[in-house]
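Student: I am new to this structure and would like a close look at one part of it. Could you pick a single helix and walk me through it?

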Amino acid sequence: MNQIEIGKFIARCRKEKKLTQAQLAEKLNITDRAVSKWETGKSMPDSSIMLELCEILGITVNELLSGEKIDMERYEKKVDENLIALKRKDENNMTKNVIISIVFSATLLTGIMVCLICNIAISGNLTWSLIPVSSIVFAWVISFPGIVLGKRGIIVSLISLSVFIIPYLFLLGSLLKVKEVFSIGAAMAVASILFLWIIAAVFKRMERKLIALGTTFLSAIPFMIIVNVILSRMLNEPVLDVWDILSVFILLILASGSFICDYAKKRGLVK
């Protein structure tokens, strides 16, 4: 497969359908930057949206991967060639992800070994090293699915975070012998995980990503207030201070900017 030719073909088909990059991106629930990368040959459309892309452009997947219109005489031959190319591409991506995950795991394992060896060498037994070791293991459990599976691993990582955050905070509080680490941390963790799931649902359901981004900024305001109320009751501190008010102001600006950019793209004011 020639990514440059495929990109030119996508651009040509898009223009034939009288669509801007922003309009095509909106229909596919992606960013216009992704469309731009396709058309310049810097990347390829993800397999999960190829069928929808072809339907919008009025072409077949085989034609998309060939970067040209195909007559029936060459159709079967091109199908075989493109399937082989796609399989190799997926294998290369998986191999790259596996290599990265191995390097990542080896690096964390090295950090664990260094902590344990230094602790034993200095203290004669395991004391403080259990704190960084537990944190490193927690980070590995959360990050590993996203590294191996790419975008598909984001939800798996979020599930891992939801499952292991409370046990991790309990262990950390026990190691530090500070009960507030678990009590306050658990309350913050539950609120934060709930917020992350809401944001994941927003981005999955909303076709226009800038609208989803603006909604995220707006959602962060009540989330911040809820967190402040929880902390206020636990630590006897004011619910809001000047920095919180400033944060709300910044979030409102960011949300407004996202909505304005979406409106401009929808009207074709920006590419």
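Tutor: Happy to; what follows is a walk along helix 9 and its surroundings. Keep in mind that this is a predicted model.

Let's start with length. Helix 9 covers residues 179-205, which makes 27 residues. At 1.5 Å a residue these should span 39 Å, and the end C-alpha atoms are 39 Å apart, so the expected span and the model agree. There is also a bend along the way: helix 9 turns by about 25° at Gly-185.

Gly-185 is itself buried, and so are its neighbours Ile-184 and Ala-186. Further buried residues of helix 9 include Ala-187, Met-188, Ala-189, Ala-191, Ile-193, Phe-195, Ile-199 and Val-202. What lies over them? The cover includes helix 8 (153-176) and helix 10 (209-235).

Now look at helix 8 beside helix 9. Their axes come within 9 Å and cross at roughly 175°. Angles over 145 degrees count as roughly antiparallel, and therefore helix 8 is roughly antiparallel to helix 9. On the helix 8 side, the residues making this contact include Ile-155, Leu-158, Ser-162, Phe-170, Gly-173 and Leu-176. Helix 9 contributes, among them, Val-181, Phe-182, Val-190, Leu-196, Trp-197 and Ala-200. Gly-185, where helix 9 bends, belongs to this contact too, as do the buried residues Ala-186, Ala-189 and Ile-193.

Key:
Residues are numbered from 1 along each chain as its sequence is written. This is a predicted model: local features need pLDDT of at least 70, side-chain atom pairs count only at pLDDT 80 or more; totals for chains, interfaces and linings use all residues. Side-chain values use heavy atoms; hydrogens and water are left out. Helices (H or I, at least four residues) and strands (E, at least two) are DSSP runs, numbered from the N terminus. The expected span of a helix is 1.5 Å times one less than its number of residues. The bend at a residue is the angle between axes fitted to the seven residues ending there and the seven starting there. Buried means under 20% relative accessible area, exposed over 50%, partly exposed in between (1.4 Å probe, protein chains only). Contact means heavy atoms within 4.5 Å. Axes are lines fitted to C-alpha atoms, for helices over the stretch in contact, and angles run from 0 to 180 degrees between N-to-C directions. Angles under 35 degrees count as roughly parallel, over 145 as roughly antiparallel, 65 to 115 as roughly perpendicular and the rest as oblique.
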